[in-house]
Structures are given as C-alpha cells and as structure tokens.
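Work through the exercises below with the sequence and the 3D structure at hand. Each task is followed by a solution in steps.

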Amino acid sequence: MPRTTRLSSSLLRAAAVTGVAALTLTACGSGSGSGSGSAGSGSGSVKVGLITKTDTNPFFVKMKEGAEKAAKENGAQLVTAAGKFDGDNAGQVTAIENMVASGVKGILITPSDSKAIVPAIAKARAKGVLVIALDTPTEPQSAVDALFATDNLHAGELIGEYAKAAMKGKTAKIATLDLAPGVSVGVQRHNGFLKGFGATDKDVLCAQDTGGDQAKGQTAMENCLQKNPDINLVYTINEPAALGAYTALKAKGREKDVLIVSVDGGCTGTQAVKDGKIAATSQQYPLKMAAEGVKAVVTYAKDGKKASGYTDTGVTLISDKAQAGVTSKDTGFGLQNCWG
Amino acid sequence: MTATTTPYAELKAPTTARRLLTAPTTGPLVALLLACAFFSLSTDQFLTGGNFSLIVQQVMVVGTLAIGQTLIILTAGIDLSCGAVMAFGSIVIAKMAAEGSLPPLLAIALGIAVCAGFGLLNGLLVQKIPLPPFIVTLGMLNVAFALTHIYSEEQTVTNLPGPLTALGQTFPLGHTDITYGSLVTIALFLLLAYTLSSTGWGRHVYALGNSQEAARLNGIRTSRLTIGIYTVAGLLYGIAAVLLISRTGVGDPQAGQTDNLDSITAVVLGGTSLFGGRGSVLGTFIGVLIVGVFRNGLQLMGVASIYQTLITGVLVILAVTVDQISRKKAR
C-alpha cells in the first residue's frame, strides 16, 4: 500500500478519536447529570455501590430507583453497575473491584452466581467495605455481612397454599415453568410451591426452564401442553413466564380452565392478576431491599455499626379471587405497592 | 527488522516520525491516551498505580482470548467460539483438580490441551471441508457451551486447590500489587507480537490474510498454516481459562458468554482489519486496554454501566468505519 494512504488513514483515525472523545464527554456529562450528582467532588458524602444482575430487568430498575431515593434522603452518593447478562459473574467481579477502587463505603449486590462471587466479596470485605446481598443470598450466606431479601421459599408456599384451596375438588395436573438449573431463587420458589400445595416433584407432569423470560415461557407451555394436554395448574417462576404460559393456553382455548400462579408482584404482573390472566402472585419488595441496604451503609459510615444476618423484606399474596383459609390482598393493594 | 527478509522493508526506510504517524497502532494509542487523560482529570482515583494494575487484571482474560482472535482475524477469519471453548477448558481444569484426582498442573495441561483440540478441530473444518469460519465457530460455540453445562452439571466448582489460583496471587511493585497473571498476559502479547512481526511464520500469516491464493502460489503451505493458526488460538484460549480460574477462584459454567464479542471488539478497536492481512497483536493489546479503561474510568466517575455499553458500541462502529474508508482510499 502506498505510504500516502497509510498516512491519511492514520489521520482519519486521529479524527475519529477526537470525535469519540467529544462523545464521551457528552455521554458522561449526561450520565452523571441524571444520576446522583458528580463524582469526586462529593468527598464528604458516603459512597454506596449497587450491583445488579442486569441493567434492563424491571425488577432491578425498581431496585435502583429505591436505592437512588434512599441515597438522596440520606445524603449518600449512589454508584451503580450491572452484569451484561443474568449469570455474568466476571462482570460483577469487575464492578466490585472498580467500586472498591472508587472508595465506596458499602456495596449492595444481587449476585448472579451465588458461589462464584464469594472470593471477590471476600476481597472487598477485607478492605473494610460493608457488603450486603439483596434479593439473592450468597453461598454460604455468611460470605456477606447481611442479606436483605424476600423469603423465596415462603413466597412459593403462599401460592402453593392458594392453589391448593383454589383447586379444591379437582385432581391437579401440574406444570412448573422454572428459572434455570441450580439458581437458588428458582429452586426455593419451586420447592415452596410444592410444599404449600402438598405435592412432590413426582406429581409434576412437566417441568421446564424459562429463564424468567416471556417468550421462553410461552414455548415451554406449548411444549408442556403438547406432552400433557390436560394440565390444569401452572406454577411460574415470575409473571413474564406466567404471561407466556397464558398466551400459549389462550391459543389452545384453555385460558379459562387452567390456574396460573406466580411469584414476583411487579406492576405489569399485578395488572395481569387484575385482568384475570394470572390467578394469584406472591408480591415482593425490591425497592425496600435497596432502600434498607443504602440506609445500612450510611449507618455503617456514621458509627461503624455493620448490618448483619437476614432481614426478610416481606411478601404478600395478591389475588382478586380470595380463597377461604388463605390470607391475601386484592390487586388494588397490589398495584399501589407493586415492587414498592 | 532486516531488509533482506522483510518484504515490507522494500519500501524506503521511513523516518522515525513518519513511522510513528503511519503505524496502524497510532490511532488506537492516541484514543487510549486521550481516554486516560480524560479520566485522570475527572476522578482522583484513576491515575494511581493500583488502579492501572487493576485494569490490567480485569482485561487479562479477554486480552489473552483476543490474541488468538487477532491471529484468526488476520487470516480474514473470525472465531465466535473462543469464550465458550475457554469456559469448557476452565471447567475441565477445575473439575479434574477439585473433584477428580489429577494433580493441579496436570489438570491445567489437560485443560489447555482440550482447548487446543477445539482450535485444531475448528481449523480442520475451516480448511479441509472447507466451511466458512463464521459457521464453524458458531457451531463450535454451541458445542462447547453445551459440553460445559453438561460436564459441570450446572454447578459452580469451588474449593480449588491452591496451584490453580496461583496466577491470581499478587506481588508488590512499588506501592501497587501486580498479579502474576497480568505478567503472563503481557508476556504472551510480546511473544506473539514478536512472532508475527519478525518470524517467517508471522509473515506467512499476513500473506495468507492478504490473499490465500497468492500465498499458496508463493510456496506457503496455506492449509497447514491455517490449521496451525486455529490450533495456536485454541492453545491461547486454554491459557485464558487458567487465567480466568486464577482470577475468580472458581470454575464457573456461566463464564465467557460475551467474551467472543468482547475479544472481537478489542481486535477491531486495535486497528486490525476484519478483512484480513492488516493489523497487529500490539494494537489488540491497546484495544483491550481501551475497553478496560473506559469501563473502569466510567465506573469511578459513577456513570451507570449501560453507558459503557453505549460508548463501546460507538467506538467499534467508528473503528470499522475508519478501516473501511482507509481501504477504499487505498484501492
């Protein structure tokens, strides 16, 4: 290649680089502007880190909202990070390291991999950073200072009990649309449901993983119906999976005579309960988890007192078709408190 | 570089200044320095030895994958399987050493060999059938991903014996702590950079990337060379697997899922052409650092991670645009 063109290509690169630098400045400017104030300057305020599994899942968006609000109220500065996908342990490790380097007082984390994240958490704690797990416990649970989470087993039990009452007189043909193998949240909800219903895994006609995804939930339900057309009770890990199941059932004209129960309680999910697509759901409170977490870090920064142990952030059974012997609240309450 | 053995040296020897301006790594290097300058001004914590050591630690796994990716992209190929192959290698190592009865070093050797085997297989399919690298490695991505999950039974492997995480240990250098793994990565970059620029094999790689037919007519055994390149890349993925384990301290079946794209990003940012024949391993090193510096710097500034994704995306498109425009002009 003639030298002149090589030179101009190099100049082009330099021009491009300048453009990128300008873009970076604008992006960063808007980023920190919409966030909780500029970094570096706030050396007086407590820095709190929040690391979620992903940026895009509405559950974590709500969690971030709660953390931002609590940070503002407590005069703390919030920094956030997330993995690229659910299960991105390396991304979360990197986020922990960067946050420790940026001088956070405490980190709130929803671990993507309960076991794999443990060594990175240990390193952060060794440097005096308070680490609190939100929503998902680490394995062992003692790897973090404290855990603020829904009791997922209990959340499952509630819908299991509800389903038991609602199915009274009918023989249950159960399908479970689960999360993913080996993920504790999914396993606990599944087991809780079976316990509450008084069934075992042997009674489940069709169990499929959905990753909590609506499209995969639909595919899973279609396949389950193909295998066992007479399924009449569907447990789902969350409402997106439940809505996927509903779509599949509706296509077969079965949406009226199949009972769908779920866990999560997001606003969209609660609305689906109101619309009669889902019979009942166990509502949890991510916003509260994050808010409590931020408060705990601020307390630690002020008087050195570390939060410890497990704090149950509560769960409420939401349904508009209340069953005798099962305590529940209606969707009016549910919509007011969805993920609150 | 001696004029007698280097075809490129037949051009008149350029002056040092001109050489610097025209080197393909100049653009990426300027970008890296600008980013560093920007973050140094924006946050107090960026410009410290400890932080730079951290950035290198954070990029060493993708960096090592990206060396293999560079070799393959130089031949106008692409490897979508690198992250998945690495993940499988890391699970093999972790399980063999933690649950099997293999001594750690033997487990490491086995894991690296398995990864090299995947590379060899990729190379054979690309060269002997032949199939497009995109398709072969897409298939291999799924094969390796599935094998990882089947073999690990979806379980993260913990309680690894000490030698497996040895490369993650640190030694003090001045006021900072450097991991041994970072040194391994840097050594690999230097070794491959030397091999590409100063050995016959390296020049053959470039010749192959520019035109396979011309390379063949010039007496290069292109078939053997291609298979060799994919095998060396696989070997590098195996080393990346060792680095990964040493960094996280566990064998994680979920690892590496976006590393194939991250490695391609680094290669492209480093100025290597996706059309083959142009680029360098040192450029890739700079590309890897650009991504690492942005992620670290934006985090230190308190910018949400979604902006990191946004900026990386824009950077990649810009880099390829520049490559395209410069190729058009060269025509």
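The exercises that follow concern a predicted model.

**Exercise 1.** Find at what angle the axes of helix H2 and helix H10 of chain A cross, and state which residues make the contact.

Solution. Take H2 as residues 58-73 and H10 as residues 286-303 of chain A; their axes come within 7 Å and cross at roughly 35°. The crossing of H2(A) and H10(A) is right-handed. On the H2(A) side the contact residues include A:Phe59, A:Met63 and A:Ala70, and on the H10(A) side they include A:Leu287, A:Ala290 and A:Val294. Sorted by class, this contact has eleven nonpolar, one polar and two charged residues.

**Exercise 2.** Locate the cis peptide bond before A:Pro140 and the one before B:Pro130.

Solution. In chain A, the bond from A:Glu139 to A:Pro140 is cis, with omega near 0°. A:Pro140 sits in the loop between strand E4 (130-134) and strand E5 (146-149) of chain A. In chain B, the cis bond joins B:Ile129 and B:Pro130, with omega about -15°. B:Pro130 belongs to the loop between helix H5 (104-128) and helix H6 (133-152) of chain B. Most peptide bonds are trans.

**Exercise 3.** Is A:Asp135 buried or exposed?

Solution. Start with the backbone: A:Asp135 is not a glycine, yet its phi is positive, about 70°. A:Asp135 lies in the loop between E4 and E5 of chain A. Buried means under 20% relative accessible area. A:Asp135 has 5% relative accessibility, so A:Asp135 counts as buried.

Terms used
Residues are numbered from 1 along each chain as its sequence is written. Chains are lettered from A and ligands numbered from 1 in the order in which they are written. This is a predicted model: local features need pLDDT of at least 70, side-chain atom pairs count only at pLDDT 80 or more; totals for chains, interfaces and linings use all residues. Side-chain values use heavy atoms; hydrogens and water are left out. Axes are lines fitted to C-alpha atoms, for helices over the stretch in contact, and angles run from 0 to 180 degrees between N-to-C directions. Helices (H or I, at least four residues) and strands (E, at least two) are DSSP runs, numbered from the N terminus. A crossing is left-handed if the near helix is turned anticlockwise from the far one by less than a right angle, and right-handed if clockwise. Contact means heavy atoms within 4.5 Å. Ala, Val, Leu, Ile, Met, Phe, Trp, Tyr, Cys and Pro count as nonpolar, Asp, Glu, Lys and Arg as charged, and the others, Gly among them, as polar. Buried means under 20% relative accessible area, exposed over 50%, partly exposed in between (1.4 Å probe, protein chains only).
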